[in-house]
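Q: Please take a close look at one part of this model, the helix packing and the residues around it. Which contacts are made there, and which residues are buried or exposed?

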Amino acid sequence: MDLYEDFGDVADLAEGLDDPSPGARIMAIVELKDSADPEAIPHIARAISDGDATVRLQAATALTDFDGPETSAALVTALDDAVPAVREAAAVSLTELKDPEAGTPLIAALEGAGVEKAVALLGGLKELRRKDALGPALKALEQSDASVRRAAVGVIGWLQDETTLPSLLAASADSDPSVRRIAVAAVGFSRTTHAEKLLVTALEDENWQVREAAAETMAKSGSAEAEVPLIARLEDEYWQVRLKAVRSLAKLSITRAADRIGPLMKLDIPNLRKECAVALGELAQEGSLPFLEPFKDDPDPDVRKNVRWALSRIAPD
């Protein structure tokens with residue numbers, strides 16, 4: 001049986017796009033989408049210019065299931081729609097693109113794009129990892145709007161290219177904490193001294209989410225400089241930062257940290273206790289037993305489970 005037999009011929013389904021009723025045109029788009037036939041793309045793309053906003057919205061949403069330059073070109077058109085919901089649907093669909101070739105219309109459209117459109121275009125480009133997107137992304141880092149700079153850092157970070165490190169280092173000092181946070185998270189691929197220094201500096205950032213990102217990224221970097229600053233973050237005022245520091249210390253097998261992680265088991269934060277129990281089990285230091293044993297019957301079932309697992313690792317029967 002032909003793959004598209006149940007849905008009918010694409011050309012026949014597309015005839016519904018010429019129906020005078022918006023409801024019928026919407027149904028035609030749904031059927032074209034459900035066909036999963038790439039030949040449906042130009043027909044759905046045509047509906048992006050329909051006179052009815054609900055039809056255009058359906059078309060922008062339907063294109064989420066397709067890929068390639070023709071799809072992305074239609075979504076670029078939808079980013080200029082007069083109706084916010086259509087623009088938003090197109091932006092979401094752009095993030096689902098997987099074919100690197102789909103990035104060509106996005107790169108072309110970045111020149112002169114406004115804030116909302118630029119953010120959507122950069123969001124679509126991020127996971128495509130197009131090397132030629134680096135230049136436009138670097139240019140976007142000069143924009144005054146933080147949301148554009150944030151989206152640009154996302155594109156640069158996903159390239160995971162050592163040549164982008166200076167740009168990420170600069171972004172880690174951005175005036176906007178959300179830009180700094182993404183830049184800090186993006187340097188995890190690098191094993192350079194510059195990246196290590198960036199992370200150590202970010203662990204002291206005034207914004208707790210930047211510190212949290214730095215604590216988490218430390219484990220990816222494998223930095224020899226991680227031990228002292230990560231242990232210091234175990235006393236951070238935000239438990240989320242402490243949690244990521246605990247996790248990274250365990251992943252980096254810094255056994256000396258066990259005596260500093262253990263006392264955190266007493267805190268009335270179940271998520272943190274769960275993480276501490278796992279970390280103590282992974283570090284497997286006999287001196288951690290007194291920190292764990294009082295929590296074998298913790299009120300939180302996940303904490304109990306993790307504590308018993310950690311005890312079995314340190315002192316198996």
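A: What follows goes through two helix pairs, then single residues in a helix and in loops.

The model is predicted, so local features are given only at pLDDT of at least 70 and side-chain atom pairs only at pLDDT 80 or more, while totals for chains, interfaces and linings use all residues. Residues are numbered from 1 along each chain as its sequence is written, and side-chain values use heavy atoms, with hydrogens and water left out.

Helices here are DSSP runs (H or I, at least four residues), numbered from the N terminus. Two packed helices are described by the angle between their axes and the distance between the axes. Axes are lines fitted to C-alpha atoms over the stretch in contact, and angles run from 0 to 180 degrees between N-to-C directions.

Helix H12 (residues 177-186) and helix H14 (residues 208-221) have axes that come within 8 Å and cross at roughly 0°. H12 and H14 are therefore roughly parallel to each other (angles under 35 degrees). On the H12 side the contact (heavy atoms within 4.5 Å) is made by Pro 177, Arg 180, Arg 181, Val 184 and Ala 185. On the H14 side it is made by Gln 209, Val 210, Ala 213, Ala 214 and Thr 217. By class, the contact of H12 with H14 has six nonpolar, two polar and two charged residues. Here Ala, Val, Leu, Ile, Met, Phe, Trp, Tyr, Cys and Pro count as nonpolar, Asp, Glu, Lys and Arg as charged, and the others, Gly among them, as polar.

Thr 217 of H14 is buried, with a relative accessible area of 2%. Buried means under 20% relative accessible area, exposed over 50%, and partly exposed in between (1.4 Å probe, protein chains only). The side chain of Thr 217 reaches the backbone oxygen of Ala 213 at 2.7 Å. Not counting residues up to four places away in sequence, Thr 217 touches Val 184, Ala 185, Val 187, Gly 188 and Leu 199.

Ser 190 lies in the loop between H12 and helix H13 (193-202). Ser 190 counts as buried, at 1% relative accessibility. Its side chain is joined to that of Glu 162 by a polar contact of 3.2 Å and to that of Thr 192 by one of 3.0 Å. A polar contact is a pair of N or O atoms within 3.5 Å; within protein, one must be able to donate a hydrogen and the other to accept it, and residues adjacent in sequence count only if both atoms are side-chain atoms. Leaving aside neighbours within four places in sequence, Ser 190 is in contact with Glu 162, Leu 165, Ala 195 and Ser 221.

The other pair is helix H8 (residues 115-125) and helix H10 (residues 146-159), which pack at an angle of about 15° with their axes 9 Å apart. That angle makes H8 roughly parallel to H10. The contact is made by Val 115, Ala 118, Val 119, Leu 122 and Leu 125 of H8 and by Ser 147, Val 148, Ala 151, Ala 152 and Val 155 of H10. These residues divide into nine nonpolar, one polar and no charged.

The loop between H8 and helix H9 (134-140) holds Arg 129. Phi of Arg 129 is near 55°, a positive value in a residue other than glycine. Most residues other than glycine have a negative phi. Arg 129 is partly exposed, with a relative accessible area of 44%.

Conventions
Helices (H or I, at least four residues) and strands (E, at least two) are DSSP runs, numbered from the N terminus. Angles under 35 degrees count as roughly parallel, over 145 as roughly antiparallel, 65 to 115 as roughly perpendicular and the rest as oblique.
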